[in-house]
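Visitor: I should like to learn how to read the features of a structural model. May we go through one together?

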Amino acid sequence: MTPELKGFLLVTSVKLLVVFTITMLGVAYMTLMERKVSAWMQNRLGPNRVGPGGFFQPIADGIKNLLKEETLPRSANLVLFFLAPCMSFIPALCVGAVIPWAAPLPLTFDFTLPVLGRFTHAGLVPMAVADVPVGFLFVLAISSLGVYGIALAGWSSNSKYSLLGGLRAAAQMISYEVAMGMSLVPVLLLTGNVSFSSVVGSQQQGLWFALPLMVSAFIFLVAGLAETNRAPFDLPEAESELVAGYHTEYSAFKFSMFFIAEYANVLTFAAMFATLFLGGWDIPFTHWDESPGVLQTIATGLVMAIKSTSLIFFVMWIRWTLPRFRYDQLMALGWKFMLPLALVNIMGVAIASWGARDLLGLASPLAQAAVLTALSAAVTVFLFVVVDRGLLISGVGSLDFMTSRRLRPVRPMAVSREAA
């Protein structure tokens with residue numbers, strides 16, 4: 001093994017350890033953040049007993065789940081029953097390995113260890129565990145494997161409630177995976193590459209894609225909420241739905257693994273949204289971060305953390321603000337609205353990009369992004385102000401759209417003057 005290969009493996013191992021540790025700590029304290037955010041919105045205190053301000057509450061919860069009694073259904077398929085939480089947990093952790101969390105770090109070292117030999121490295125180190133060229137296609141492929149864990153959890157429990165909950169959860173996730181994948185095609189059209197590094201570089205040359213691709217950002221946001229089973233799309237885990245859904249028969253740490261996977265998916269979803277539509281680790285209004293350096297890596301890492309945390313807060317804000325959909329509304333929204341909108345959006349972005357480049361002769365990426373931003377803003381206003389009118393997006397107000405029936409107002413009963 002060459003010294004360069006040893007150095008590469010050492011750097012990769014360190015990055016893997018750092019990303020795994022940050023992800024697990026982030027997931028643990030996202031539970032505390034959720035409880036604090038909900039308490040703030042409901043004018044109460046939230047966890048405040050374990051540690052200063054309840055800071056050690058996630059540690060206490062983890063110890064409690066490790067020490068709780070394990071229950072095993074007698075008629076369950078034990079192999080798949082144990083395997084299902086892992087099949088939800090492992091893909092959620094693998095997704096974060098390809099996201100660039102900061103600008104590349106210039107690193108040079110050359111040292112020798114007594115037994116292992118010489119380690120050398122010189123050059124830029126991408127701040128992703130694996131800077132794969134397939135980028136967000138890898139993320140979509142790996143994240144979709146979590147469906148198998150949920151479906152197997154329901155089936156292996158040998159419980160009718162768990163089975164129905166698993167089937168409903170799998171149907172929901174598969175339905176919104178289609179719209180999520182379609183929403184990323186316009187990003188590919190503007191970038192010409194599916195690598196996360198190329199996506200961040202394209203946004204440095206022009207505008208953040210959240211402006212020229214407003215419709216794509218909206219579709220990705222809604223589909224991401226449905227993929228992570230977050231409100232208002234938390235039907236698989238709703239308290240009123242089928243006891244507790246696909247994890248009815250699970251307890252102790254196996255039960256916790258499903259929720260660790262859910263919060264890990266929320267974290268990676270926020271990081272993906274920040275990378276694809278908010279410039280990733282790019283610091284706005286400056287080109288200082290584009291030159292390699294240790295300070296640039298630290299600063300861009302902090303900016304990426306701020307963007308991701310803000311999106312996580314937004315996801316939690318939605319949970320404690322909006323009521324959940326009915327299941328028929330959820331599926332109709334995905335297939336009858338989100339998917340057609342994503343297809344029309346792909347054609348619109350392709351035509352607008354071709355027109356700005358070839359018809360108008362705009363060679364600057366910034367000028368092309370400005371034209372797309374104006375068209376995207378007009379389409380967004382037309383979509384949500386003119387087309388919607390409270391029938392497509394509003395959830396419980398969409399009965400007319402779902403059933404094709406016009407609701408008539410109920411007239412008050414006539415009351416006689418004597419009775420009054």
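**Contacts and cores**

Guide: Contact means heavy atoms within 4.5 Å. Leaving aside neighbours within four places in sequence, F220 is in contact with M180, S183, L184, F269, M272, F273, L276 and F277. This is a predicted model, in which local features need pLDDT of at least 70 and side-chain atom pairs count only at pLDDT 80 or more, while totals for chains, interfaces and linings use all residues. Residues are numbered from 1 along each chain as its sequence is written, and side-chain values use heavy atoms, with hydrogens and water left out.

Visitor: Which residues touch the most other members of the largest nonpolar core?

Guide: In soluble globular proteins, nonpolar side chains tend to be buried together. A nonpolar core is a set of buried Ala, Val, Leu, Ile, Met, Phe, Trp, Tyr and Cys residues joined through side-chain atoms within 4.5 Å. Buried means under 20% relative accessible area, exposed over 50%, and partly exposed in between (1.4 Å probe, protein chains only). Here the largest core has 71 residues, and those touching the most other members are F136, F220, F233, L276, F277 and M338. Helix 10 gives the most to this core, with 15 residues. A second, separate core of 12 residues includes A84, I150, M173 and Y250.

Visitor: How many of the residues of helix 9 are buried?

Guide: Helices (H or I, at least four residues) are DSSP runs, numbered from the N terminus. In helix 9, 13 of the 14 residues are buried, so the helix is largely enclosed by the rest of the structure. The expected span of a helix is 1.5 Å times one less than its number of residues. For helix 9 that gives 20 Å, in agreement with end C-alpha atoms that are 20 Å apart.

**Backbone features**

Visitor: What is the phi of N229, the residue that follows helix 9?

Guide: Phi of N229 is near 60°, a positive value in a residue other than glycine. N229 is placed in the loop between helix 9 and helix 10, and at 6% relative accessibility it counts as buried. N43 also has a positive phi, of about 60°, although it is not a glycine. N43 lies in the loop between helix 1 (3-41) and helix 2 (57-67), and it is exposed, with a relative accessible area of 74%.

Visitor: Is the peptide bond from A231 to P232 cis or trans?

Guide: That bond is cis, with omega near 5°. P232 is found in the loop between helix 9 (214-227) and helix 10 (252-277).

**Salt bridges**

Visitor: How many salt bridges does the count come to?

Guide: Side chains of opposite charge can pair when their charged atoms come close. A salt bridge is a side-chain nitrogen of Lys or Arg within 4 Å of a carboxyl oxygen of Asp or Glu. By this rule the count comes to nine. In one of them, the side chains of R319 and E34 meet at 3.4 Å, N to O. R319 lies in helix 11 (residues 294-319) and E34 in helix 1, so this pair ties together parts that are 285 residues apart in sequence. R319 is partly exposed at 31% relative accessibility, whereas E34 is buried at 3%.

Visitor: Where do R357 and D358 fit in?

Guide: R357 forms a salt bridge with D358, the closest N and O atoms being 3.6 Å apart. Salt bridges that share partners join E34, R230, E262 and R319 into one network.

Conventions
Helix = DSSP H or I, 4+ residues; strand = E, 2+ residues; numbered from the N terminus.
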